[in-house]
Amino acid sequence: MRKKVIAGNWKMNMLPNDAINFIEKLSILTKDTQNEVIICAPYTDLFYALLMAQKTHIKIGAQNMHFEKKGAYTGEISGEMLKAIGVEYVIIGHSERRQYFAETDETVNKKVKAAYEVGLKPIVCVGETLEQREQGKAEQIITDQTEKALEGLSKQQVETIIIAYEPIWAIGTGKTATAEDAENSIKAIRKKIAEQYGNDVAQKVIIQYGGSVKAENSKELFDMPDIDGGLVGGASLIADEFAEIVNYKG
Ligand code: PGA
């Protein structure tokens, strides 16, 4: 049985004080949950978030990293730097990074490999645009993105990866994929992984849904057998609402 893994993606929001208060509150509100909880905070909050989360069940992730270990890359942060302060997870290839920061399938793959090299667990984002969906290409796009992101990884690495299926048209728009559509897309991703790495591996991979997940729609989504939790943007900025999502019971 796969666990439900619910990650908050704060994006470029929350100052250190907000992060401290939020994590304290969230840890109390979700203390009895059986689900895994991750907060992906901006770099400047990570240290504070890690301190606050230390004796709680909340895990901390970053939202990006560079694929090189060190060097002349002004303004960048390496996986080694994240690992050194205690970060466990890292979002890689979020559609906002693909769209605004020229992230490609190739850089995503390099980052995924670099994350494993230092012992960070990647949360890899894949998803189609509205145009691609309307042209009937969604499945092809997301399975291709998945294949390219995982290229060169061992079976042992693939079975511990988290994939977030996030249709781009559903991110921050209030439009959610129907639970059935999300389930079908996630099934297609799992099938692709099964073809390449075997069904045993595919059955272990956590595949989340992301895109306007809210307290009011999360249960319907998470009740789907292949949807292993969510990557939550907007609703992860409100402690009460995010706690309700995290406290999902099957
Ligand atoms: P949203 O963002 O929940 O605000 O749609 C999700 C994401 O971008 O990870």
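This text walks through a predicted model, from its ligand site to its largest pocket, its cavity and one buried loop residue.

The ligand is a convenient place to start. It is surrounded by 13 residues, and the closest are Lys11, His94, Glu166, Gly172 and Ser212. Three of these residues can be followed through their polar contacts with the ligand. The side chain of Lys11 has an N or O atom 2.7 Å from an oxygen atom of the ligand. For the side chain of Glu166, the distance from an N or O atom to an oxygen atom of the ligand is 2.7 Å. Gly172 takes part through its backbone, where a polar atom lies 2.6 Å from an oxygen atom of the ligand. On its own the ligand has 280 Å² of accessible area, and the protein covers 96% of that. By class, the shell around the ligand is made up of four nonpolar, seven polar and two charged residues.

Next comes the open space in the protein. The largest pocket has a volume of about 380 Å³. Its lining consists of 14 residues, and those nearest the centre of the pocket are Lys11, Met12, Gln63, Arg97 and Phe101. Lys11 is thus listed both here and among the closest residues to the ligand. Two helices, H2 (43-53) and H4 (95-100), each contribute at least two residues to the lining of this pocket. Helix H4 gives the most, with three residues. Sorted by class, the lining of the largest pocket holds six nonpolar, five polar and three charged residues.

Enclosed space is a separate matter. Rolling a probe the size of a water molecule over the atoms reveals where empty space remains. Across the whole structure, a search finds one cavity of 30 Å³ or more. The largest cavity has a volume of about 40 Å³. Met65, His66, Phe67, Glu68, Lys69, Gly79, Glu80, Ala114 and Val118 line the largest cavity. Helix H3 (79-85) and helix H5 (105-118) are the elements that give two or more residues to this lining. The lining of the largest cavity divides into four nonpolar, two polar and three charged residues.

The last stop is a single residue, Asn35, in the loop that runs between helix H1 (16-29) and strand S2 (36-40). Asn35 has a relative accessible area of 11%, which is under 20%, so the residue counts as buried. The side chain of Asn35 reaches the backbone oxygen of Val246, at a distance of 2.7 Å.

Technical notes: Residues numbered from 1 in each chain as written. Predicted model: local features only at pLDDT ≥ 70, side-chain atom pairs only at ≥ 80, totals over all residues. Heavy atoms only, no water. Near = heavy atom within 4 Å. Polar contact = N/O pair within 3.5 Å; in protein donor to acceptor, adjacent residues only side chain to side chain. Areas by Shrake-Rupley, 256 points an atom, 1.4 Å probe, with all protein chains shown as cover. Nonpolar A, V, L, I, M, F, W, Y, C, P; charged D, E, K, R; others polar. 1 Å grid on protein atoms, 1.4 Å probe; cavity = no way out; pocket = protein on both sides within 12 Å on 5 of 7 lines; lining within 4 Å. Points joined across faces, edges and corners; volume = space filled by probe spheres on them. Helix = DSSP H or I, 4+ residues; strand = E, 2+ residues; numbered from the N terminus. Buried < 20%, exposed > 50% of the residue type's maximum accessible area, 1.4 Å probe, protein only.
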